[in-house]
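Reader: I should be grateful for a close look at the nonpolar interior of this protein. Please explain how it is built and how it relates to the chain as a whole.

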Amino acid sequence: MAYKIKKMGLKDNILNFVSDFLNDRSIKVRIGSSLSRPYKLENGTPQGSVISSFLFLIMINDIETPENNTKLSLYADDSATWKTGSNLEALNRDIQAYLNKIVKFFNEWGFKLSVDKTVAILFTNRRNKRLDKVKLHVNGKAIKVQTTVKFLGVIFDSHMSWKPHIDYVADRCNKRLNLMRVMAGTPWGASKSVLLTVYKALIRSVMDYACIAYDSASLSVKSKLDSIQYKAMCICCGAMTGTSATSLQCECGQPPLHRRQRMLTDYGLKIKSIPNHPTASTLEDSWQNHYGKFKQGREPYGVKVKKILRSAAIEDVPILPKETEP
């Protein structure tokens, strides 16, 4: 760690502070009233410390850069590498080559890559997924190839239908609806405003997470979430099943879940208006190219945003000036 901090140009007090923070640390394990002997730590940072995540980012800051159009995504200790193309053998070869570099980097700097938590997924529209041809290894062990994978709280499936993710979200929200039912007892229950606050904090927030991405799911799949909002508003108002959804939305002051369109448009305008926005390069292909024809509501992100901006007569987005350094 001291070597990498020096490499970044940090020295003197900050270097001494980090060195004292990491050196000569020991732990004990308590089970009931029993306490283990001290165990000296040779690697890692204290869990829960304010600067532990920052020190981790410093350690992986100089990770190997991908080549041959292979991409890398890093978010703390969750990472993913991928490549697109039609030649599965070439994809397999290039991904494996980069995995070898990552493993070498981790071994050199004392990281341990969990093979059990590392999985591969093949995104394709073909019915024959050819999963048996995806063969990747980490430290000599084969990586599991799955049809669904969870990354940063979002479940991706091989056909990008978003059905497994929305089923997962619906299951979480249905359990929280039971909490609202308990709170809405007739003689003593919480008021409508309190129940709406619970809905927005515990249920709508879950449905909003990654909604910009999963908005390309089919209407029948997304309708499961509409049903959850309808049930929640019935609980808030004490309304009977069969009450008009539009009436409930007006009574509760809640927009329909189609507000995802506004959210993705707001984000699109933000990307286009900020110079060198980090997401711009990722979405560049989606902005410029339209591959094939898409069913209503299932268009890619860039296609949807372009349609909305065109319908609102917003063709050119003003670019905000760059902030000047002090």
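Author: A nonpolar core is a set of buried Ala, Val, Leu, Ile, Met, Phe, Trp, Tyr and Cys residues joined through side-chain atoms within 4.5 Å. In this predicted model, the largest such core has 30 residues, and Met180, Ile203, Met207, Leu225 and Ile228 have the most contacts inside it. At least two residues of this core come from each of helix 5 (163-183), helix 6 (192-208), helix 7 (211-214), helix 8 (219-237) and helix 9 (245-252). Helix 8 gives the most, with 9 residues.

Ile228 may be examined individually. Leaving aside residues up to four places away in sequence, Ile228 touches Ala170, Cys173, Asn174, Leu177, Ile203 and Met207. Another core, of 11 residues, lies apart from the largest one; among its members are Ile95, Val115, Leu136 and Val138.

In soluble globular proteins, nonpolar side chains tend to be buried together. A nonpolar patch nevertheless lies on the surface here, formed by Met8, Leu10, Ile14 and Phe17, with about 360 Å² of accessible area together. Met8 is placed in the loop between helix 1 (2-7) and helix 2 (13-22). Because its relative accessibility is 45%, Met8 counts as partly exposed.

As for the whole, the protein chain has 12 helices and 12 strands, and 32% of its 326 residues count as buried. Its radius of gyration is 25 Å, whereas a compact globule of 326 residues would have one near 20 Å. The chain exposes about 21,500 Å², of which carbon and sulfur atoms supply 54%.

Note on methods:
Residues are numbered from 1 along each chain as its sequence is written. This is a predicted model: local features need pLDDT of at least 70, side-chain atom pairs count only at pLDDT 80 or more; totals for chains, interfaces and linings use all residues. Side-chain values use heavy atoms; hydrogens and water are left out. Patches are made of residues with over 30% relative accessible area and no salt bridge: like charges are joined within 9 Å, nonpolar side chains (Val, Leu, Ile, Met, Phe, Trp, Tyr) within 5 Å. Accessible areas come from the Shrake-Rupley method with a 1.4 Å probe; for residues, only the protein chains shown count as cover. A salt bridge is a side-chain nitrogen of Lys or Arg within 4 Å of a carboxyl oxygen of Asp or Glu. Helices (H or I, at least four residues) and strands (E, at least two) are DSSP runs, numbered from the N terminus. Buried means under 20% relative accessible area, exposed over 50%, partly exposed in between (1.4 Å probe, protein chains only). Contact means heavy atoms within 4.5 Å. The radius of gyration is taken over C-alpha atoms; the globule rule is 2.2 Å times the number of residues to the power 0.38.
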